[in-house]
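This report describes one protein chain, with attention to a bent helix and two loop residues. The sequence and structure come next.

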Amino acid sequence: MNELSKIPVTVITGFLGAGKTTLIRHLMENNQGKRLAVLVNEFGTAGVDGDILKTCSDENCPAENIVELANGCICCTVADDFIPTIEQLMALPETPEHILIETSGLALPKPLLKAFDWPAIRSRITVDGVIALADAEAVAAGRFASDVDAVQTQREADDSLDHDTPLREVFEDQITCADIILMSKADLAGDDGLSKARDVIEAEMPRKVPVIALTEGVIDPRVILGLEAAAEDDLDARPSHHDGADDHEHDDFDSVVIELDEVEDPKALEAAVLRLAREQHALRVKGYIAVKGKPMRMLVQAVGDRLRTQYDRPWGDTPRRSQLVVIAEHDNVDAAAIRAVLEG
C-alpha cells in the first residue's frame, strides 16, 4: 500500500472535560460524505461513554464503527488495546475512509504516535494530524483542566497508567505535539480569557501552528481534517517531557513471518502460540492457518498470553497457506527459535 492509499487518522487530545467528544460529534454530523470510524479511550465514572457518540451514528459512521477502550490510557496499553483495535477497524466490511481517535485526558500523545510505526499497521494508516483541545477558561486560570479533581480521580482509577506526570507537563506535551490547537469553551472564557489562554499556549509551542477558538465543538471540518501531516514521520519536531524515557519507546520492536504446513492439530498449535509469549516474549501473533480437513481458514490472534481463534471464511480459490506474523522486541525475534516452538 502506498502513501496515498493509507487511511488517515486524526488524534484528538485534551483533558477530561475539554470538549473532545463534543468535537467528534460535530465531525460525525458534518462528515462530508466520508465513511468514518471512531476510537474512544476516555474512561471512568466521569469519563465519556461511547454510547453518546453512537446516538449520532449514521450510514457514514454506523454504531459498529465506534469502539470504546475502557482498559486504561492507550499510550500505556499499545500492544494490548490500541494495535488490535486499529486492526479491527481496518478489517470492517467497508474500510473507513478516516479514523478519529479520542485519547484519554491523561494520554501522552507522542508515545501514541510512535505506535503508528508498529509493523502490523505502519503500511496501512498515517496520522493526518494531531488536534489538541485546551479549555480556554481553565488554561487562563492556570488550572489547565476544567475539573482538576475529576482528572485526579481518573488518574487514580487507571491501573495501567505508567506515568505520574504533573498536569502542566501533560498539557505541555499535548501542545507541543499538536498540528492545530483548539481553545474550547470560548464563550465562557470571554475575550480576556482567550487572550490569556493564547499567551500561555503560544509560550509552549515549539513551532508555529494555528490556535483557534471555538464553542460547542463547532468548526469547519475542512480546517482540521485532511492536514496530511504524517505526524508519525515528524516526531523530532514534537518535543516531549518524556523523550528518551524507556517506558514509552515503541521503536525497538520487530516482526517475523513464519509459514507452516497444513496443521493437523489446531489445539497443539494454540498451545505453541501461547508458548511464544512465555518463552520468546512475543507481544503479538496474528495470521491464518490451514487446518487439514477443514474448508475454512482459521484466524489466529494473540496478545501476550491471550489467544483467540476462529474459522472466519472458506479458502475458496486462495492458496491454503498457513502464515503467522510474530511481533516481539528486537532481542527476542529469533526466527529459528520461533519456528521450532510452532512446529514442535
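The expected span of a helix is 1.5 Å times one less than its number of residues. Helices (H or I, at least four residues) and strands (E, at least two) are DSSP runs, numbered from the N terminus. The model is predicted: local features need pLDDT of at least 70 and side-chain atom pairs count only at pLDDT 80 or more, while totals for chains, interfaces and linings use all residues. Residues are numbered from 1 along each chain as its sequence is written, and side-chain values use heavy atoms, leaving out hydrogens and water.

The chain has eleven helices and twelve strands. Of its 344 residues, 53% are buried (under 20% relative accessible area; exposed is over 50% and partly exposed lies in between, with a 1.4 Å probe and protein chains only). Among contacts (heavy atoms within 4.5 Å) with a separation of 6 or more, 80% join residues 24 or more positions apart.

**Helix α8**

Helix α8 covers residues 186–204, and its end C-alpha atoms span only 20 Å, whereas a straight helix of 19 residues would span 27 Å. A kink of about 80 degrees is centred on Asp192; the bend at a residue is the angle between axes fitted to the seven residues ending there and the seven starting there. The buried residues of α8 are Ala186, Ala189, Gly193, Leu194, Ala197, Ile201 and Glu204. Their cover includes β5 (125–135), α5 (136–140), α7 (167–177), β6 (180–184) and β7 (211–213).

**Contact with α7**

The axes of α7 and α8 come within 9 Å and cross at roughly 75 degrees. Axes are lines fitted to C-alpha atoms, for helices over the stretch in contact, and angles run from 0 to 180 degrees between N-to-C directions. The two helices are therefore roughly perpendicular (65 to 115 degrees; under 35 is roughly parallel, over 145 roughly antiparallel and the rest oblique). On the α7 side, Arg168, Phe171, Glu172, Ile175 and Thr176 meet Val200, Ile201 and Glu204 of α8.

**Two loop residues with positive phi**

Most residues other than glycine have a negative phi. Two residues in loops have a positive value, as the table shows.

| Residue | Phi | Loop | Relative accessible area |
|---|---|---|---|
| Glu216 | near 55 degrees | between β7 and α9 (221–224) | 59%, exposed |
| Glu228 | about 55 degrees | between α9 and β8 (253–260) | 71%, exposed |
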